[in-house]
Amino acid sequence: MLFRSNRLVVRLVAASGAERSELERVVRARFEDYLTRNHLCGAVEIRVELVDQLQRERTGHKLRQISSKVPRPSGLIPA
């Protein structure tokens, strides 16, 4: 994730076999729901980027790797 003023860029690598468009939709919806619950709807621009590999920003921004401990939503990865 990269913070710039009121913009949040979420870069993520999809697991093998994951439905990329659905994954992007779910991640965006969860962030938007969080912002709405915290009265920040419209205050933060969210950009979700599906990438092949996470890389550091050339401009020196930090990279924070977060592994989700939340169970995967059904339908994102074939059984």
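**Salt bridges in a small set of elements: a group meeting talk**

Good morning. I begin inside a helix: E22 and R25 stand three residues apart in helix α1, which covers residues 20-37, so about one helical turn separates the two. These residues form a salt bridge, and the closest N and O atoms of E22 and R25 are 2.6 Å apart. Please keep in mind throughout that the model is predicted.

How exposed are the two partners? E22 is partly exposed, at 26% relative accessibility. R25 is also partly exposed, with a relative accessible area of 47%.

Helix α1 holds a second pair, E24 and R28, whose side chains meet in a salt bridge at 3.5 Å from N to O. Here the partners are four residues apart in the helix, and again about one helical turn lies between E24 and R28. E24 has a relative accessible area of 27% and is partly exposed. For R28 the relative accessibility is 24%, so this residue counts as partly exposed, the cut-off for buried being under 20%.

Let me now place the helix in its setting. The protein has one helix and three strands. Read from the N terminus on, the order of the elements is β-β-α-β.

Which elements does the salt bridge between E49 and R11 connect? In this pair, the closest N and O atoms are 2.8 Å apart. E49 belongs to strand β3, residues 45-50, and R11 to strand β2, residues 7-12, so the bridge ties together parts that are 38 residues apart in sequence. E49 is partly exposed, with 22% relative accessible area. R11, at 26%, is partly exposed as well.

How many salt bridges are found in the whole structure? The search finds five. Through shared partners, salt bridges join R11, R47 and E49 into one network.

I turn finally to the protein as a whole. Of its 79 residues, 20% count as buried. The accessible surface comes to about 6,500 Å², and carbon and sulfur atoms account for 49% of that surface.

What share of the contacts joins residues at least 24 apart in sequence? Among contacts between residues at least 6 apart, the share is 69%. The bridge from R11 to E49, which spans 38 residues in sequence, is an example of a link between distant parts of the sequence.

To review the pairs on the structure, please look for E22 with R25, then E24 with R28, and then E49 with R11. Thank you for your attention.

Methods: Residues numbered from 1 in each chain as written. Predicted model: local features only at pLDDT ≥ 70, side-chain atom pairs only at ≥ 80, totals over all residues. Heavy atoms only, no water. Buried < 20%, exposed > 50% of the residue type's maximum accessible area, 1.4 Å probe, protein only. Contact = heavy atoms within 4.5 Å. Areas by Shrake-Rupley, 256 points an atom, 1.4 Å probe, with all protein chains shown as cover. Salt bridge = Lys/Arg side-chain N within 4 Å of Asp/Glu carboxyl O.
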